[in-house]
Amino acid sequence: MSILAPDVVRETDAFPSARPMTVTVTGAAGQIGYTLLFRVAAGLMFGADTPVNLRLLEIPSAMRATEGVVMELEDCGFPLLRDIDITSDPVRAFEGANAGVLIGAKPRTVGMERADLLAANASIFAVHGRAISEAAADDVRVVVVGNPVNANALVLAHHAPDLPKQQITAVSRLDHNRAVFQLARRAGVPTSEVSRLAIWGNHSSTMYPDITHAVVGGRSGAEYAADTMWLEMEFIPSVANRGSAIIEVRGQSSQGSAAFATKEHMYDWFCGTRPGDWTSAGVWSSGEYGIPDGLVCSMPVTSDGSGWTVVEGLNIDPLSRRYIDTSIADLLEEREMVKAMGLI
Ligand code: NAX
C-alpha cells in the first residue's frame with residue numbers, strides 16, 4: 001500500500017505504461033537545456049506514464065559539460081528515463097526522434113541586433129532541419145526555442161521539405177504565460193482564473209498579447225482591454241519588454257521560465273490543452289486571420305493530443321488588427337532577411 005496520500009505526486013512516482021518517446025534536445029548543456037531536462041525525465045513533458053529516451057546534442061566544446069548533466073540525470077533515478085545518448089553529430093542525435101526540442105543557439109546579448117542574432121543562429125537550423133529530415137521518425141514533432149524562433153523554424157522547414165509543416169512549431173508560450181500573469185495581477189485573481197488569452201505574431205517585441213477574448217475571474221477580458229491607456233502603456237509593453245527586463249536584472253536571459261514554457265508547449269501538444277481553454281503557439285500559417293501563407297506565426301491554438309488546431313471565428317477588433325499587422329510585418333521582414341542570407 002502506498003504511504004503517499006492519493007493527491008501527492010512526486011517526480012519519481014511514475015508508472016510507465018505507454019510507448020517510450022525518443023526526444024532530442026539540442027543545446028542540452030546550456031541554461032534552458034539544463035533546467036528542462038530534469039522535467040522531461042520526470043515525465044512532465046509527455047505524461048507520467050511515458051518512458052523517455054534522451055538524445056542530447058551539443059557542440060564539441062560543451063561535451064564535457066553534457067557528460068556532467070547526464071551524471072546528474074542518472075543521480076535522480078527517474079523511473080521513466082530509459083536511455084541517454086550524447087553526441088555532437090546532428091544526424092545521430094535525431095535518429096528515430098519522436099520529439100525535437102531545439103534550444104541550441106546563441107542567446108541575445110546586450111547591444112545585439114536581430115540581424116546579428118539571425119546571422120549567428122539561423123544556419124544552425126538549416127543543419128538541424130536536414131538531420132531531422134534524414135534521421136527522425138515520421139511522426140516527429142519539433143519545437144524551436146533558439147531565437148529568433150519564428151525565422152529559425154522557417155529555415156528548418158525549408159531544409160526538411162518532406163516533414164509536414166504541422167509538425168514544425170516555434171514556442172510563444174513564454175509570452176503567453178507572462179501575459180496571463182500580468183492580466184491576473186491586474187484583475188487581482190490567481191492565474192488559474194485566466195483563460196482564452198492569445199499571443200499573435202512574432203516572438204519579439206512586436207508580439208501582441210490579445211485579451212479581448214479572455215475570461216478573467218468570470219469577467220470578460222474585453223472589459224480590461226477597454227482601458228486602452230493601461231492596455232497600451234502598461235500591459236502590452238510589460239509583456240513585450242519582459243525578456244530585456246530579465247536580462248537587466250538577472251544578468252542572463254530567461255532560464256526557468258523559458259524551460260517551463262517549452263515543457264508546457266510540448267505537454268499541451270502531446271497530451272492536450274485544458275477543456276474550454278486554449279493556448280498560444282507559433283504554427284505554420286495558411287491564411288488564417290489575414291496572416292499570409294508560409295509564416296511561422298503565433299496564434300491561439302488547441303490540441304487534443306494529435307496536433308494543434310488554430311482557434312477559428314474570433315472577432316479581431318481594430319486595435320488588435322493594428323498590433324497583429326505590425327507583428328506580421330516583422331515576420332515578413334525576417335523572412336526577407338533569411339531569404340537574403342540564402343537560407344530559404
Ligand atoms: P546557453 O548559451 O546557455 O545555451 C545554449 C547552448 O546551445 C550552449 O550549451 C551551446 O553550446 C549550445 N549550442 C550552440 N550551438 C549549437 C549547435 N549548433 N548544436 C547544438 N548545440 C548548440 O543559452 P540559453 O539561455 O539556454 O538559450 C538558448 C536559446 O534560447 C537562445 O537562442 C535564446 O535566445 C533562446 N531563448 C528563447 C526563449 C523563448 O521563449 N523562445 C526565451 C529564453 C531564451 O532567450
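Which polar backbone atom lies 3.2 Å from a nitrogen atom of the ligand? The atom belongs to V145. The structure is a predicted model, and the ligand is a convenient place to start reading it.

The protein buries 85% of the ligand, which on its own would expose 860 Å². Two elements each give two or more residues to the shell around the ligand: helix 1 (31-41) and helix 4 (114-135). There are 27 residues around the ligand in total, and those that come nearest are Q31, I32, E58, V145 and N147. By character, the shell divides into 14 nonpolar residues, ten polar ones and three charged ones.

Besides V145, two of these residues can be described by their distances to the ligand. For I32, a polar backbone atom is 3.0 Å from an oxygen atom of the ligand. For E58, the side chain is involved: one of its N or O atoms is 2.5 Å from a ligand oxygen atom.

Where does the ligand lie with respect to domain 1 (21-170) and domain 2 (173-339)? Both domains give residues to the shell, so the ligand lies between them.

The residue N147, listed above among those that come nearest to the ligand, also takes part in a cis peptide bond. This bond joins N147 to P148, with an omega of about -5°. P148 is found in the loop that runs between strand 5 (141-144) and helix 5 (149-159).

The next feature is built from strands and a helix. Strand 2 (residues 52-57) and strand 3 (residues 81-87) run parallel and are joined by six bridges. One residue pair shows how they match: R55 has D85 in strand 3 as its bridge partner. Together with helix 2 (residues 63-76), strand 2 and strand 3 make a β-α-β unit, and this unit is right-handed.

A further group of strands has antiparallel pairing. Three strands form an open sheet in the order 7-10-11. Strand 7 (194-195) and strand 11 (219-220) are the edge strands, as each pairs on one side only. Strand 10 (residues 215-216) is joined to strand 11 by two bridges, and the two strands run antiparallel. Here the bridge partner of V216 is R219, in strand 11.

One residue in a loop that starts from this sheet has a backbone angle to note. Which loop holds R196? R196 is placed in the loop between strand 7 and strand 8 (198-200). R196 is not a glycine, yet its phi is positive, at about 55°.

To return to the ligand, the picture is of a molecule between domain 1 and domain 2, with 85% of its exposed area buried by the protein. The residues that come nearest include Q31 as well as those whose distances were given above.

Conventions:
Residues are numbered from 1 along each chain as its sequence is written. This is a predicted model: local features need pLDDT of at least 70, side-chain atom pairs count only at pLDDT 80 or more; totals for chains, interfaces and linings use all residues. Side-chain values use heavy atoms; hydrogens and water are left out. A residue is near a molecule or strand if one of its heavy atoms lies within 4 Å of it. A polar contact is a pair of N or O atoms within 3.5 Å; within protein, one must be able to donate a hydrogen and the other to accept it, and residues adjacent in sequence count only if both atoms are side-chain atoms. Accessible areas come from the Shrake-Rupley method with a 1.4 Å probe; for residues, only the protein chains shown count as cover. Helices (H or I, at least four residues) and strands (E, at least two) are DSSP runs, numbered from the N terminus. Ala, Val, Leu, Ile, Met, Phe, Trp, Tyr, Cys and Pro count as nonpolar, Asp, Glu, Lys and Arg as charged, and the others, Gly among them, as polar. Domain bounds come from an automatic or database domain assignment. Two strands pair if DSSP finds at least two bridges between them. A crossover is right-handed if, with the strands pointing away from the viewer, the path from the first strand over the helix to the second runs clockwise.
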